[in-house]
Amino acid sequence: MSCCGTNPNYEELDEVSRLVAARLAAFLRTLRDDGYAVGLAEGQDAAALIAKGYADRPGLLRIAFKHLFSARKADWDRFDGLFDAFWLGK
């Protein structure tokens, strides 16, 4: 990626977009594997949150995703651990 205050080119942005999309898809798969009801609409909403800059603030992304993906109390109760393990490596 470009450094030193220069703007990234289209190829670099395209590669970043692919990496972010792949990472989000892997997280959605992790949630589904853990019993969360995650469909196409939730995936699109999650992508929109990332595109709006929520990923720049992990705490904000966590709470937004928690509200988006936790349909049941059991989902809510275990979401933080899944989020932290996947996105923060904890």
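Where does Asp 84 lie? Asp 84 lies in helix H4, and that helix is a good place to begin a tour of this structure. Please keep in mind as you look around that this is a predicted model.

## Asp 84 and its contacts

Let's stay with Asp 84 for a moment. Is this residue buried or exposed? Asp 84 counts as buried, because its relative accessibility is 17% and the cut-off for buried is under 20%.

Which residues does Asp 84 touch, once those up to four places away in sequence are set aside? Its partners are Arg 62, Gly 89 and Lys 90. Try finding these three in the structure above.

## Aromatic rings

Now turn to the flat rings. How many aromatic pairs are there? The count is twelve. One of these pairs joins Phe 27 and Phe 83 in an edge-to-face arrangement, with 6.2 Å from centre to centre and 90° between the planes. Phe 27 belongs to helix H1, which covers residues 10-33, while Phe 83 belongs to helix H4, so this pair ties together parts that are 56 residues apart in sequence. Both Phe 27 and Phe 83 are buried, and for Phe 83 the relative accessibility is 1%.

Phe 83 also pairs with Trp 87. Here the arrangement is tilted, with the centres 6.3 Å apart and 40° between the planes. Both residues of this pair sit in helix H4, four residues apart, which is about one turn of the helix. What about the exposure of Trp 87? Trp 87 counts as partly exposed, at 24% relative accessibility, whereas Phe 83 counts as buried.

## A cluster and a charge

The rings we have just met belong to a group. One aromatic cluster is formed by Phe 27, Tyr 36, Phe 65, Phe 69, Phe 79, Phe 83, Phe 86 and Trp 87.

Which rings does the charged end of Arg 23 sit over? One is the ring of Phe 86, whose centre is 4.0 Å away. Another is the ring of Trp 87, with 5.4 Å to the centre. Phe 86 and Trp 87 are both members of the aromatic cluster.

## Salt bridges

Next come the charged side chains. Side chains of opposite charge can pair when their charged atoms come close. How many salt bridges does a search of the whole structure find? The search finds seven.

One of them joins Asp 34 and Arg 78, with 2.7 Å from N to O. Asp 34 is in the loop between H1 and helix H2 (40-51), and Arg 78 is in helix H4, so the pair ties together parts that are 44 residues apart in sequence. Asp 34 is partly exposed at 33% relative accessibility, and Arg 78 is partly exposed too, with a relative accessible area of 27%.

Arg 78 also meets Asp 75 in a salt bridge of 3.4 Å, N to O. These two residues both lie in helix H4, three residues apart, about one turn of the helix. Asp 75 in turn has a salt bridge with Arg 72, at 2.9 Å from N to O. Is Asp 75 buried or exposed? Asp 75 counts as buried, at 1% relative accessibility, while Arg 72 counts as partly exposed, at 46%. Put together, Asp 34, Arg 72, Asp 75 and Arg 78 are linked in a network of salt bridges.

## A nonpolar patch on the surface

Which residues form a nonpolar patch on the surface? They are Leu 60, Ile 63 and Trp 76, which together have about 220 Å² of accessible area. Trp 76 lies in helix H4, which runs over residues 73-87. Its relative accessible area is 31%, so Trp 76 is partly exposed.

## A stop in helix H1

Our last stop is Ala 25, which has its place in helix H1. Ala 25 counts as partly exposed, at 33% relative accessibility. How far is its C-alpha atom from that of Ala 46? The two C-alpha atoms are separated by 10.0 Å, and the residues are 21 apart along the chain.

Methods
Residues numbered from 1 in each chain as written. Predicted model: local features only at pLDDT ≥ 70, side-chain atom pairs only at ≥ 80, totals over all residues. Heavy atoms only, no water. Patch = residues over 30% accessible without salt bridge, like charges linked within 9 Å, V, L, I, M, F, W, Y side chains within 5 Å. Areas by Shrake-Rupley, 256 points an atom, 1.4 Å probe, with all protein chains shown as cover. Salt bridge = Lys/Arg side-chain N within 4 Å of Asp/Glu carboxyl O. Buried < 20%, exposed > 50% of the residue type's maximum accessible area, 1.4 Å probe, protein only. Contact = heavy atoms within 4.5 Å. Phe/Tyr/Trp six-rings, centres within 6.5 Å; stacked < 30°, edge-to-face > 60°. Lys NZ or Arg CZ within 6 Å of the ring centre and 35° of its normal.
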